[in-house]
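Trainee: I would like to go through this structure with you, one contact at a time. Where shall we begin?

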Amino acid sequence: MNRSTSRGLVRVSLALAAAVASTVLVAPASTAVPGTAAEAGRTSAAAPAGTERRCAVVYFDLGETLVHTADDGSTSYLPDASAYLRALRERHIEVGLITNVPSSWGESDAERAARLKKEVDAGWTGSAPFAWDDFGDRILTPRTEAERKPAPVLWERAGAGSDGCRLVYEAETGEETDVAASLGYLAYQVGRPHRPAFLPVRLIELLAHLPR
């Protein structure tokens, strides 16, 4: 991300200071991301007619972001992931997956997603099943090996289908969040010490209602 874009994100963070705690979270070291350790209050009514749509879509990587696969092949939610998805669902914030799978798993995103679900569910050990229904048809996977992340193609495809919503991307690697941020996503690296496990939900609500 260039320096002017980074400064702009910092200004957004400062503008939110009256509504959120003053801690500024940084996604990878090169990408300033506004955030807070405490959640803010709810935002006001939707934008007036005739203005741009106010909404957000939160995309995730899957492995080691939402789920963990153990050495024995079993898979389960990472801590806080299930509750976080539930909180997004309760606030009607759409979610999606941008995840690498073998392109040979199918001819379409739907076919590759079906194979992904089968693979994850086969080793699932969580007390509740993975929330596939939350993601609908927003599971984007590489059509060719050249499209595998960190190539920008999957983020670009997600953005093209976002219907003008603010785009958020959460993943465990700085390499991926750097690429997402360079493409206009609010990018957040999960699992870093001394920070919330995920980008706070109500901050996403606030950002969705800010002009872009």
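Trainee: Is Cys165 buried or exposed, and what is its relative accessible area?

Mentor: Keep in mind that this is a predicted model. Buried means under 20% relative accessible area. Cys165 falls under that cut-off and is buried, with a relative accessible area of 8%.

Trainee: Which residue does a disulfide join to Cys165?

Mentor: The structure holds one disulfide. Its sulfur atoms are 1.9 Å apart, S to S. The partner, at 11% relative accessibility, counts as buried. The disulfide joins Cys165 to Cys55.

Trainee: How many residues apart are Cys55 and Cys165?

Mentor: Cys55 sits in the loop between β2 (32–33) and β3. Cys165 sits in the loop between α4 (153–160) and β8 (166–171). The pair links distant parts of the chain, 110 residues apart.

Trainee: Is the disulfide of Cys55 and Cys165 left-handed or right-handed?

Mentor: Look at the torsion about the S-S bond. The value is about -95°, so the disulfide is left-handed.

Trainee: On to charges. How many salt bridges does a search of the whole structure find?

Mentor: Side chains of opposite charge can pair when their charged atoms come close. The cut-off for a salt bridge is 4 Å from nitrogen to oxygen. A search of the whole structure finds 11.

Trainee: How many residues apart in sequence are the parts that Asp134 and Arg89 tie together?

Mentor: Asp134 and Arg89 form a salt bridge, with the closest N and O atoms 2.4 Å apart. Asp134 lies in the loop between α3 (109–122) and β7 (139–140), and Arg89 in helix α2 (residues 81–90), so the tied parts are 45 residues apart.

Trainee: Which of these two is buried, Asp134 or Arg89?

Mentor: Arg89 has 40% relative accessibility and counts as partly exposed. Asp134 has a relative accessible area of 18%. The cut-off for buried is under 20%. The buried residue is Asp134.

Trainee: Which residue meets Arg91 in a salt bridge?

Mentor: Arg91 counts as buried at 16% relative accessibility. Its partner is buried too, with a relative accessible area of 12%. The N to O distance is 3.7 Å, and the side chain that Arg91 meets belongs to Glu205.

Trainee: Where does Arg148 find a salt bridge?

Mentor: Arg148 is partly exposed, with a relative accessible area of 29%. The partner also counts as partly exposed, at 45% relative accessibility. The closest N and O atoms are 3.9 Å apart, and the partner is Glu145.

Trainee: Which residues are linked in a network of salt bridges?

Mentor: This one goes beyond a single pair. The linked residues are Asp109, Arg112, Arg143, Glu147 and Arg157.

Trainee: Now the strands. Which residue of β6 stands opposite Val58?

Mentor: Strand β3 (residues 56–60) pairs with β6 in the parallel sense, over four bridges. Four of the five residues of β6 are buried, so β6 is largely enclosed by the rest of the structure. Opposite Val58 in β6 stands Val95.

Trainee: What is the bridge partner of Ile98 in β7?

Mentor: β6 and β7 run parallel, joined by two bridges. With α3, they make a right-handed β-α-β unit. In β7, the bridge partner of Ile98 is Leu140.

Trainee: How many aromatic pairs does a search of the whole structure find?

Mentor: A pair of aromatic rings is described by the distance of the centres and the angle of the planes. One of the pairs is Tyr77 with Trp124, edge-to-face at 5.1 Å centre to centre and 90° between the planes. The search finds nine aromatic pairs.

Trainee: Which residues do ring pairs link into a cluster with Tyr77?

Mentor: Tyr77 is buried at 17%, and Trp124 counts as buried at 15%. The rings of Phe130 and Trp132 have centres 4.6 Å apart and planes at 65°, so they are edge-to-face. Phe130 counts as buried at 5%, and Trp132 at 9%. Linked with Tyr77 are Trp124, Phe130, Trp132 and Phe135.

Trainee: Last one. How far apart in space are Gly191 and Thr65?

Mentor: Gly191 is in the loop between β9 (186–189) and α6. Gly191 is exposed, with a relative accessible area of 67%. Gly191 and Thr65 are 126 residues apart in sequence, but C-alpha to C-alpha the distance is 7.8 Å.

Note on methods: Residues are numbered from 1 along each chain as its sequence is written. This is a predicted model: local features need pLDDT of at least 70, side-chain atom pairs count only at pLDDT 80 or more; totals for chains, interfaces and linings use all residues. Side-chain values use heavy atoms; hydrogens and water are left out. Buried means under 20% relative accessible area, exposed over 50%, partly exposed in between (1.4 Å probe, protein chains only). Two strands pair if DSSP finds at least two bridges between them. A crossover is right-handed if, with the strands pointing away from the viewer, the path from the first strand over the helix to the second runs clockwise. A disulfide is a pair of cysteine sulfur atoms within 2.5 Å. Rings of Phe, Tyr and Trp (its six-membered ring) pair if their centres lie within 6.5 Å; planes under 30 degrees apart count as stacked, over 60 as edge-to-face and the rest as tilted.
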